Amino acid sequence: MSIKKELLSRMSLEDLKKLAGKKGISFSLNDRQKEYYAEWPEKDRIVDLMNDINDLSVREIEDHLKAIRK
């Protein structure tokens, strides 16, 4: 598992959605992705999708984790 994915996995579903909103990330899936992710829990799907976003850095994820733990 990548560091990025590990950090994203530590967040709750709500926190993942907040980070996605802050970064302007949307989760529009094409038909193939809908089929692939059909049986995945929502949190796991979002973690997997966000892991592939190059515009989201490990540093930003770490900062978000620090902010939500205060």
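These are my notebook entries on helix α2 and the parts of the structure around it.

**Entry 1: starting point.** I kept in mind throughout that this is a predicted model. I began with helix α2, which covers residues 13–23, and looked up which of its residues are buried; I found D15, L16, L19 and A20. Looking down the axis of α2, I saw that these buried residues fall within an arc of 140°, so they line one face of the helix. I then turned to the other side of α2, where I noted E14, G21 and K22 as exposed.

**Entry 2: what the buried residues meet.** Which helices do the buried residues of α2 pack against? I listed α1 (3–9), α4 (42–51) and α5 (58–68) as their partners. Following α4 from its own side, I recorded I46, V47, D48, L49, M50 and N51 as its buried residues, and these pack against α1, α2 and α3 (31–36).

**Entry 3: α2 and α5.** For two packed helices, I know that the description rests on the angle between their axes and the distance between the axes. I therefore looked up both for this pair, and found that the axes of α2 and α5 come within 11 Å and cross at roughly 125°. An angle between 115 and 145 degrees counts as oblique, and α2 and α5 are therefore oblique to each other. I also noted that α2 passes α5 in a right-handed crossing. The contact is made by D15, K18, L19, K22 and K23 on the α2 side, and by E60, I61, H64 and I68 on the α5 side. Sorting the residues of this contact by class, I wrote down 3 nonpolar, 1 polar and 5 charged. Two residues of the contact, D15 and L19, were already in my list of buried residues of α2, whereas K22 of the contact was in my list of exposed ones.

**Entry 4: beyond the end of α2.** Just after α2, I came to G24, which takes a positive phi of about 75°. Further on I stopped at F27, whose place is in the loop between α2 and α3. Is F27 buried, exposed or partly exposed? Its relative accessibility is 29%, and because buried means under 20% and exposed over 50%, F27 counts as partly exposed.

**Entry 5: the surroundings of F27.** Leaving aside residues up to four places away in sequence, I found that F27 touches A20, I46, L49 and M50. Of these, A20 is among the buried residues of α2, while I46, L49 and M50 are among the buried residues of α4. Finally, I looked up F27 against K4, which lies 23 residues apart from it along the chain, and noted that their C-alpha atoms are separated by 18 Å.

Conventions: Residues are numbered from 1 along each chain as its sequence is written. This is a predicted model: local features need pLDDT of at least 70, side-chain atom pairs count only at pLDDT 80 or more; totals for chains, interfaces and linings use all residues. Side-chain values use heavy atoms; hydrogens and water are left out. Buried means under 20% relative accessible area, exposed over 50%, partly exposed in between (1.4 Å probe, protein chains only). Helices (H or I, at least four residues) and strands (E, at least two) are DSSP runs, numbered from the N terminus. The arc is that of the directions from the helix axis to the C-beta atoms. Contact means heavy atoms within 4.5 Å. Axes are lines fitted to C-alpha atoms, for helices over the stretch in contact, and angles run from 0 to 180 degrees between N-to-C directions. Angles under 35 degrees count as roughly parallel, over 145 as roughly antiparallel, 65 to 115 as roughly perpendicular and the rest as oblique. A crossing is left-handed if the near helix is turned anticlockwise from the far one by less than a right angle, and right-handed if clockwise. Ala, Val, Leu, Ile, Met, Phe, Trp, Tyr, Cys and Pro count as nonpolar, Asp, Glu, Lys and Arg as charged, and the others, Gly among them, as polar.
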